[in-house]
Each structure stands twice: as C-alpha cells, then as structure tokens.
Amino acid sequence: MRSVDDHVHGAGLAGQRATSKWLGYWRLGSVPDETEGMNSSAELGTWSVRAVNLPEHANNPIHTDVGARAAGYPSAIVAGTTVYAYLTHPAVEAWGVDWLTGGGGELRLKRAVLDDDLVHCGPEGKPAENPTDEAMTIAASVDGEVKATLDVWEHAEAAPLRDGEPLADVVVAITDEVARYGVRSGDTLPFYASNTLVHPAIWPTLANRVFVEELVTGPWVHTRSHIVHQGPVRIGDELRLESRIIDRFETRAGKRAVVDIAGTVDGRPVARIEHEALIELNEG
C-alpha cells in the first residue's frame, strides 16, 4: 500500500522547484522596517484541534475514505485548506487585524493529515530554509510528527501579478458559509465574528476552486501556498480572482502546476496567492 507521504513527497527535490524558483519574488522588499519589532516565537501561542473534512471536500475523491484508499492511502486526507485554517490560529490570536490585512505566510504541506487526527499547532522558531528571515514558523503536528508548516510574516507586501497563461476570472460572493470556513473546520477563535472579518482560510479555498474549475479532472493534492493579505474582506463583498499559470512541471508523483492569483474587491487589492498542487497523480 502506498504510504500517506508518497504523493506529497514523491517528487523529491523537483517538488520544491516552485518554492525555490519564486521565493525571492515574494520576499524581495517584502518585509518593511517596522518588522524589526515583530513578536517572537514565545508570543505565538499553541492550540489543538481534531481534524475534519467538510462535506464540500467530497468532490475530490482524495478527501473521502473510498477515494483515498483507492489511491493507496489508509483513510481520507484532510484538505490542505483546512490544515492552513488550523495553522493561522496562533498568528491571528497574536497579531489580529494587522496580520489579516497586511501580513502573510508560506504554507508547506509536508505529510498528510488524516480525518480525525488530533492536530497540535504552535511556534517552531525560525524557518529552516532561511533562518535569517524575519518570519516565524508555526508547525502542525500529529503524534509528534510535523505534517505542515506555515512561515508567517506580521507585515508583508506582494509584487504585481506575474505574466503567464491566463485562466478565466472567478467571481465569488462572500456569503456567511464562505466566510465561516474556518469555524466550520474547527477554528472557533471568536475574533472573526467580533471584527466582522472573513477567515483567512478563504484564500487557499478559493485558489483550490480555480484549480478545480480550470486545471484538474480527477484526484489531486494541494501542496503549497504563499499568501499575502492586502486588505479586509467581509461578508457581502464580491471577490474577483485573476489567475495566471506561471509554471508546469513533471515529478515522480505526477504533474504539478503553480498559479499566481490576485484577489480584489471593487478593484481594491485584498490578497495575492501563489498556489501549487499535484494536478494529476501518477499511479503505482
């Protein structure tokens, strides 16, 4: 039986291609001087949650027991967007509105989180790949094993949308159900309701929608996202996503794609996302 890590890690170094290729684009000039006073890892708290798959994830067979087992996994894999929702909890609890409207993070899904796993999220220090960076790393662990990490910046900036193969724009009305993705996944932080702000899990969730509508036809696996928050989003807003494919490549695990996405509300920038996924899984 295929291990739970094969598709996520089967690409080896090739699976890191987009991260290393595009990282400088996001970080170059992305951390302003005021981050010198950024909170330390001790100020990022810890919390735990029981992982769940929401009903809408069933449209990707990898998030169902039947589909996951057919692909060689022991049980349903929890959506990467849900794992991201869990990882944002310490950052939002520590930095609040500042992070949601002007911060950012790099999500790396390292190993599969399975439905009903008990996930522990907390600070892990500086990013291993760039320990001199101003980022702090939050890790999601199950039984002591790190399953995903989120390198977070309290303040971040994004360069303009890059050239690439254009995809159809996606327009989304921000309803209560869309806004409450994080709450429905188990992140019950009361901050969002009290500030009438949308949970940041909306960004990888909507980036996944771009992939579903434009790029994938069967089981697929979200592997990485770099997200920069540029402004507030609230229930009732109409969000437009402009997307361009900036890379495609083959790996041992299957075909990957990297898409650059710009989110706007009434022409106002609210988020930038670089989203990577295995869009076609190899058999065996």
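Start with helix 8 in this predicted model. Select residues 202–214 to display helix 8. Helix 8 gives the most to the lining of the largest pocket, with 7 residues.

Now add the other helices at this site. Select helix 5 (176–179) and helix 6 (181–185). Like helix 8, each supplies at least two residues of the lining.

Next, show the whole pocket. The lining counts 20 residues. By class, 8 are nonpolar, 7 polar and 5 charged. The volume of this largest pocket is about 460 Å³. Which residues lie nearest its centre? Pick E56, H57, N59, T205 and R209.

Move to T175. Look in the loop between strand 7 (170–173) and helix 5. Is T175 buried or exposed? T175 counts as partly exposed, because its relative accessibility is 36% and that class runs between 20% and 50%. Now add V198 and draw a line from C-alpha to C-alpha. The line spans 9.7 Å, while the two residues sit 23 residues apart in sequence.

Last stop: T88. Find T88 in helix 4, which covers residues 80–102. Its relative accessible area is 0%, so T88 is buried; the cut-off is under 20%.

What does the side chain of T88 reach? Show the backbone oxygen of A85, at 2.8 Å from that side chain. Then select the residues that T88 touches beyond four places away in sequence: W99, L150, D187, Y192, H199 and P200.

Key
Residues numbered from 1 in each chain as written. Predicted model: local features only at pLDDT ≥ 70, side-chain atom pairs only at ≥ 80, totals over all residues. Heavy atoms only, no water. Helix = DSSP H or I, 4+ residues; strand = E, 2+ residues; numbered from the N terminus. Buried < 20%, exposed > 50% of the residue type's maximum accessible area, 1.4 Å probe, protein only. Polar contact = N/O pair within 3.5 Å; in protein donor to acceptor, adjacent residues only side chain to side chain. Contact = heavy atoms within 4.5 Å. 1 Å grid on protein atoms, 1.4 Å probe; cavity = no way out; pocket = protein on both sides within 12 Å on 5 of 7 lines; lining within 4 Å. Points joined across faces, edges and corners; volume = space filled by probe spheres on them. Nonpolar A, V, L, I, M, F, W, Y, C, P; charged D, E, K, R; others polar.
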